[in-house]
Amino acid sequence: YVLRRILRRAVRYAYLLGRIEPTLVEVVDTVIETMGAVYPELTRQRQSLLRTVRAEEESFLATIEAGINRFNQPEEYRDFPPALILPTLEALVSSG
């Protein structure tokens with residue numbers, strides 16, 4: 001839970017800096033290279049760690065995009081009841 005929050009905060013700041021593609025995977029790979037001798041489990045779990053970080057990053061970037069798209073929707077749709085809009089957005093986010 002804590003790691004996910006840290007990861008999402010980093011993704012958010014990277015997004016604000018214009019990074020719209022997963023970039024933390026590169027950081028994780030560098031950490032594994034640097035710290036792998038001291039923490040051999042990092043090297044043993046390299047592929048799993050990279051896969052997990054990439055998936056989490058892609059998922060959160062999709063969530064950010066969906067939120068921005070919803071925020072930027074035309075004024076005429078803002079009066080629609082959330083009961084109609086939210087399930088549609090959830091379906092779009094979960095299908096992506």
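How many Å should the 12 residues of α2 span, and how far apart are its end C-alpha atoms? At 1.5 Å a residue, this helix should cover 16 Å, and its end C-alpha atoms are 16 Å apart, so the two values agree. Keep in mind as you look around that this is a predicted model.

Let's stay with α2 for a moment. Its buried residues are Leu24, Val25 and Ile32. Viewed down the helix axis, the buried residues of α2 fall within an arc of 105°, so they line one face of the helix. The face turned away from that buried side carries the exposed residues Glu26, Glu33 and Thr34. On the inner side, the buried residues of α2 pack against α1, α3 (40-44) and α4. Val25 makes a nice example: leaving aside residues up to four places away in sequence, Val25 touches Leu50, Val53, Arg54 and Glu57.

Now step back to the core. The largest nonpolar core has 11 residues: Leu7, Val11, Tyr15, Leu24, Val25, Ile32, Leu50, Val53, Phe60, Leu61 and Ile64. Two or more of these residues come from each of α1 (2-16), α2 (24-35) and α4 (46-71), and α4 gives the most, with five. In soluble globular proteins, nonpolar side chains tend to be buried together.

Finally, the whole protein. Its secondary structure comes to five helices and zero strands. Of its 96 residues, 22% are buried. Among contacts with a separation of 6 or more, 60% join residues 24 or more positions apart. The protein exposes about 7,400 Å², with carbon and sulfur atoms supplying 60% of that area.

Definitions and conventions:
Residues numbered from 1 in each chain as written. Predicted model: local features only at pLDDT ≥ 70, side-chain atom pairs only at ≥ 80, totals over all residues. Heavy atoms only, no water. Core = buried A, V, L, I, M, F, W, Y, C linked by side-chain atoms within 4.5 Å. Buried < 20%, exposed > 50% of the residue type's maximum accessible area, 1.4 Å probe, protein only. Helix = DSSP H or I, 4+ residues; strand = E, 2+ residues; numbered from the N terminus. Contact = heavy atoms within 4.5 Å. Areas by Shrake-Rupley, 256 points an atom, 1.4 Å probe, with all protein chains shown as cover. Expected span 1.5 Å × (residues − 1). Arc of directions from axis to C-beta.
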